Amino acid sequence: MLDGVTRTVYVSGIGPAVIIMAEMPGISPDVARFARWVRDAGLTVYLPSLFGRDGAYPEAEAGMAVFRRACVSAEFRAFGAGKSSPIAGWLRALAALAHRECGGLGVGALGMCFTGNFALTMMLEPAVLAPVLCQPSLPLDEPGGLEISPDDLTAVRERLDRDDLVVRAYRFQGDRYCTEQRFAAYAKALGPRFEPRVLPAAAANPAPPPFFSQIIGCPHSVVTAHLVDAAGEPTAAARDEIIAFLVTRLVGSAPTQ
């Protein structure tokens, strides 16, 4: 139990901790695959169950039902910029716990889609050293808005400067949920501390699961549903870059090939 709330958290691996927050509609086989890649690089993965049915294949109708429930949940602020989701406080408490349990230089935090910006808000926890925002998509109603309060954003920027840290962020060209305007807003707010990566739309897996093909309907999920796991693929290169960033920041040296 953290902050008075009990949640299921899957933990696997040995080494410094990385909090991986699943995208909609939950901890799918693709999200679990990415978590195993991070674990196999010598890190301990903490994978909290935030919504959906753990391990479920992302079908369209069931995934849409999960999405609707999350949008009206008091834990998430899916609409309206300039606000931080209440769930971020619980995630910061998880990061602090993970650092106590695993040691190392600090903790990594990676959010995807609905949870993308949570990795940024988690920077208010001193243990978090390596934030990665994969296709951050909130607020849903403001393509150029940021899902973080002004005070939290100021505190995060001050910490990035003070501790010489950076924020990595990834999106596809043409993503309707994580837009060019949103990345521009992050760049304006964080300056050179924001390190964006934009992948070509043509690099996305053309046959993702039904939730992504029928509901999302555009290249979106960089390290999960739209990743092509093959040598020379931009999405595979992005995955490897993210893992190298996490290992370097948390262990202190680049991963061996």
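Mentor: Before we start, a helix here is a DSSP run of H or I with at least four residues, numbered from the N terminus, and the model we are looking at is predicted.

Trainee: With that in mind, how do you know that Asp-161 and Arg-157 both lie in a helix, and how far apart are they?

Mentor: Both residues belong to helix H5, which covers residues 150-163, and they sit four residues apart, about one turn of the helix.

Trainee: What makes the contact of Asp-161 and Arg-157 a salt bridge?

Mentor: The name requires a side-chain nitrogen of Lys or Arg within 4 Å of a carboxyl oxygen of Asp or Glu. Arg-157 and Asp-161 have N to O at 3.1 Å, a value within 4 Å, so the pair is called a salt bridge. It belongs to a structure that holds twelve salt bridges.

Trainee: Why are Asp-161 and Arg-157 called partly exposed?

Mentor: Partly exposed is the class between buried, under 20% relative accessible area, and exposed, over 50%. Asp-161 has 36% and Arg-157 has 24%; both values fall between those limits, and therefore both residues take the middle label.

Trainee: What is the distance between the closest N and O atoms of Asp-163 and Arg-159?

Mentor: The closest N and O atoms of Asp-163 and Arg-159 are 3.0 Å apart, which again lies within the 4 Å cut-off, so this pair too is a salt bridge. Asp-163 and Arg-159 are also both in helix H5, four residues apart.

Trainee: Is Arg-159 buried or exposed, and how do you know?

Mentor: Arg-159 has a relative accessibility of 5%, and as this is under 20%, Arg-159 counts as buried. Its partner Asp-163, at 34%, lies between 20% and 50% and therefore counts as partly exposed.

Trainee: What makes the pair of Arg-197 and Glu-241 a salt bridge?

Mentor: Their side chains meet with N to O at 3.1 Å, which satisfies the 4 Å limit, so the term applies. Arg-197 is in strand S7 (residues 194-199) and Glu-241 is in helix H8 (residues 234-251), so this salt bridge ties together parts 44 residues apart in sequence. As for exposure, Arg-197 at 25% and Glu-241 at 28% both count as partly exposed.

Trainee: Which residues are joined into one network by salt bridges that share partners?

Mentor: The network joins Arg-157, Asp-161, Asp-164 and Arg-193.

Trainee: Let us turn to helix packing: why are H1 and H8 called oblique to each other?

Mentor: Helix H1, residues 29-40, packs against H8 at an angle of about 45°, with the axes 10 Å apart. Angles under 35 degrees would be roughly parallel and those from 65 to 115 roughly perpendicular; about 45° falls in neither range nor over 145, so H1 and H8 are oblique. Their crossing is right-handed.

Trainee: Which residues in H1 and H8 meet, and what kinds do the residues of this contact divide into?

Mentor: From H1 come Phe-34, Trp-37 and Val-38, and from H8 come Arg-239, Ile-242, Ile-243 and Leu-246. The residues of this contact comprise six nonpolar, no polar and one charged. Arg is on the list of charged residues, so Arg-239 is the charged one.

Trainee: Why does Arg-7 count as buried?

Mentor: Arg-7 has 18% relative accessibility, a value under 20%, and so Arg-7 counts as buried. Arg-7 lies in the segment before strand S1 (9-12); leaving out residues up to four places away in sequence, Arg-7 touches Ser-49, Leu-50, Glu-75, Ile-87 and Trp-90.

Trainee: What is the phi of Cys-113, and where is Cys-113 found?

Mentor: Cys-113 has a positive phi of about 55° although it is not a glycine, and it is found in the loop between strand S4 (107-112) and helix H4 (118-121). With 10% relative accessible area, which is under 20%, Cys-113 is buried.

Trainee: What makes Asp-164 exposed?

Mentor: Asp-164 has a relative accessible area of 54%, which is over 50%, so Asp-164 is called exposed. Asp-164 lies in the loop between H5 and strand S6 (167-172), and its phi is also positive, near 55°.

Key: Residues are numbered from 1 along each chain as its sequence is written. This is a predicted model: local features need pLDDT of at least 70, side-chain atom pairs count only at pLDDT 80 or more; totals for chains, interfaces and linings use all residues. Side-chain values use heavy atoms; hydrogens and water are left out. Helices (H or I, at least four residues) and strands (E, at least two) are DSSP runs, numbered from the N terminus. Buried means under 20% relative accessible area, exposed over 50%, partly exposed in between (1.4 Å probe, protein chains only). Axes are lines fitted to C-alpha atoms, for helices over the stretch in contact, and angles run from 0 to 180 degrees between N-to-C directions. A crossing is left-handed if the near helix is turned anticlockwise from the far one by less than a right angle, and right-handed if clockwise. Contact means heavy atoms within 4.5 Å.
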